[in-house]
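Okay, thanks everyone for coming. I'll put the structure up and then walk you through a few spots in it.

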Amino acid sequence: MKPVRISLRSKLALMALVLLALPWVGYQYVQEMERFLLDGQRQGLIATARAVATALHERPQLFGRQPGSSMVSLSDSLLPGEEVLELAIAAMPQQTPTEAPFAAVPPAPTIDGAAEVAAILRALERNTARIWVVDRDLDVITHTGSLAPPPTAPPGPLIQFWRGLLGSVGYRSDDITTRLADIPPPSGQAISGTLFGATTSWLRPIGGSDVLIVAAAHPVWVADKVQGAVVVEESTLAIQAVRDAAVERLAWLTFAGLAIAAVVVLGFASRLSWRIRSLRDEAESAIDARGRITGLTAASTAGDEVGDLSRSFSTLLARLAQHHQYLETMASRLSHELRTPVAVVRSSLENLQLEALPPEASTYLDRAHAGLHRLTRILARMSEATRMEQALATTDPEGFDLRGVVAECIDGYRLAHADRRFEDALPDQPVWVRGAPDLAAQMLDKLVSNAVDFTTADHPIQIELNRTDTQAELSVTNHGPTLPRALEGKLFDSMVSGRSADATGEPHLGLGLYVAQLIAGFHGGKLAAQNLPSGKGVRVTAMLPTRASGAHATAADRQQI
């Protein structure tokens, strides 16, 4: 299964997704801030209730009772194990200029006492808080304030989207103001602990909304008895407004930070990918198709790992260039250095032939001549590639008819290889190419020589020349063994041979097809080899670019020389 390829830029972009944890951390911080503000609001309401209760302490006339009253207190009226449950505070009517007394409230306190309590509360009136004063019988003496918030601007679309994403209901719904105005007073159970002398606080949720009602109650003492309680209520709208503003700022800052981080990361990844691709292209272009080092990669001066890799590539290519140059000149050096000892051996053998030798010595003399002949052929072929490269560098290309060159060569092959059959298929019209006719003939000689070595005696060697609009295809086909898999892509390399044995004793260094490839490259073409579809032979094809036909092509070619 082919692995999925993920570019370096994509990997860095995926790693940058870790930055998405920052909004979550910020939101957790905002929630912690909300809890802190909620606790502060609760403490503030307790302080407000304590302040109002302090103003009402030791003033029994405000609650319609005198010290030593025979009325039974709430604590005395409870049996052991009993408690106050859901004792509802009677709701006061809206305060209007034509306000009528609330019939459900017993007239326990005097009118002057209620007015005095109302005056005290009026001095502490707050726009977003509601204050209740009740006596021990849970009768409302007076109350002030409202939970309804003042008109404010609705939250921005970003906050609405964020709250919708979290699945919470917005506190700025259409009926939130009406619902807050209609919130009933706290239950008697909630303030029962206060009537026993404890300061209490609690939270009340509003159904269908995330708005809470924070309430605090403080007892009012007369002598050593609790005569009433002060209840202060306030909604969490202000805290949620601060929270939403913080979330909105956090969201905008997060989006801006992520955008900047994305641009920086993508820019860095693109720059890094471009540097790596450039290094790859330079490394690939440094060595041509024939394995020659055409140019050294320029070492980068960057101080990072990519710069180190670039300098390592440059050093490696420089060493490979030196080694390759040594290998290229080794054949010519060996040929030059061995010519003198070969000449000495040849002259010595010739002098021995002039001497009177025993009959049994002639056998060893013949073997020495055969070995010397093979050594001479090896040296000649070793230097053939070097001489060919030098010849190609000094040869001027010209336009010539490839069909005529191939036809003359086929006639020569039939004479030189009388034991082989040659079949040809040539076009009727000339095939004009640009190069050197003698080099093209030498290339065909190498291909035919290779086919003669591998073809079977009962099958012909086929030589075909076809012309297309852009190139000429000269192919040599022989029947025999196919190309082994080990030679795929290496058949035309230097010192590569597919022969496992040679019965004739001729040396084969794997330079024939390499020289043919050099000549094809000189003509602007290339060689290709493939097995026959029948699996019983090999076809080697030289693909050369063609020129325009006729005398005009020859004149144009001569002008370019």
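So, let's begin in a loop: alanine 223 sits between strand 4 and strand 5. Before I go on, keep in mind that this is a predicted model. What's odd about this alanine is its backbone: alanine 223 has a positive phi, about 60°, and it's not a glycine. Is alanine 223 buried or exposed? It counts as exposed, with a relative accessibility of 53%.

There's another residue like that. Leucine 138 isn't a glycine either, and its phi is positive too, about 65°. You'll find leucine 138 in the loop between strand 1 and strand 2. This one is buried, though, with a relative accessible area of 8%.

Now, the sheet those loops belong to. It's an open sheet of 5 strands, and reading across you get 2-1-5-4-3, with antiparallel pairing. At the edges you have strand 2, residues 140-145, and strand 3, residues 200-205, and each of them pairs on one side only. From one strand to the next, the twist averages 20°.

Let me zoom in on one pair. Strand 1, residues 129-135, and strand 5, residues 225-235, run antiparallel and are joined by 7 bridges. If you want a residue to click on, take valine 134: its bridge partner in strand 5 is alanine 229. Then there's helix 7, residues 188-195, packing on the sheet. Helix 7 touches strands 1, 3, 4 and 5, and its direction makes about 135° with that of strand 5.

Back to the loop between strand 1 and strand 2, where we also find arginine 136. Here's one for the charge people: arginine 136 is buried, yet it has no salt bridge. How far away is the nearest side chain of opposite charge? That's aspartate 137, at 6.3 Å, and the cut-off for a salt bridge is 4 Å. What arginine 136 does have is the backbone oxygen of leucine 195, which lies 3.2 Å from a polar atom of the arginine side chain.

Last stop, further along the chain. Strand 6, residues 398-401, pairs with strand 8 in the antiparallel sense, over 4 bridges. One of the residues to look at is aspartate 401, whose bridge partner in strand 8 is tryptophan 432. Strand 8 covers residues 432-435, and both of its faces are covered. Trp432 and Arg434 are on one side, Val433 and Gly435 on the other, and all of them are buried.

That's my tour. Happy to rotate the view if anyone wants another look.

Definitions and conventions. Residues numbered from 1 in each chain as written. Predicted model: local features only at pLDDT ≥ 70, side-chain atom pairs only at ≥ 80, totals over all residues. Heavy atoms only, no water. Pairing = 2+ DSSP bridges. Helix = DSSP H or I, 4+ residues; strand = E, 2+ residues; numbered from the N terminus. Axes fitted to C-alpha atoms, helices over the stretch in contact; angles between N-to-C directions. Contact = heavy atoms within 4.5 Å. Buried < 20%, exposed > 50% of the residue type's maximum accessible area, 1.4 Å probe, protein only. Lys, Arg positive; Asp, Glu negative; His and termini not counted. Polar contact = N/O pair within 3.5 Å; in protein donor to acceptor, adjacent residues only side chain to side chain.
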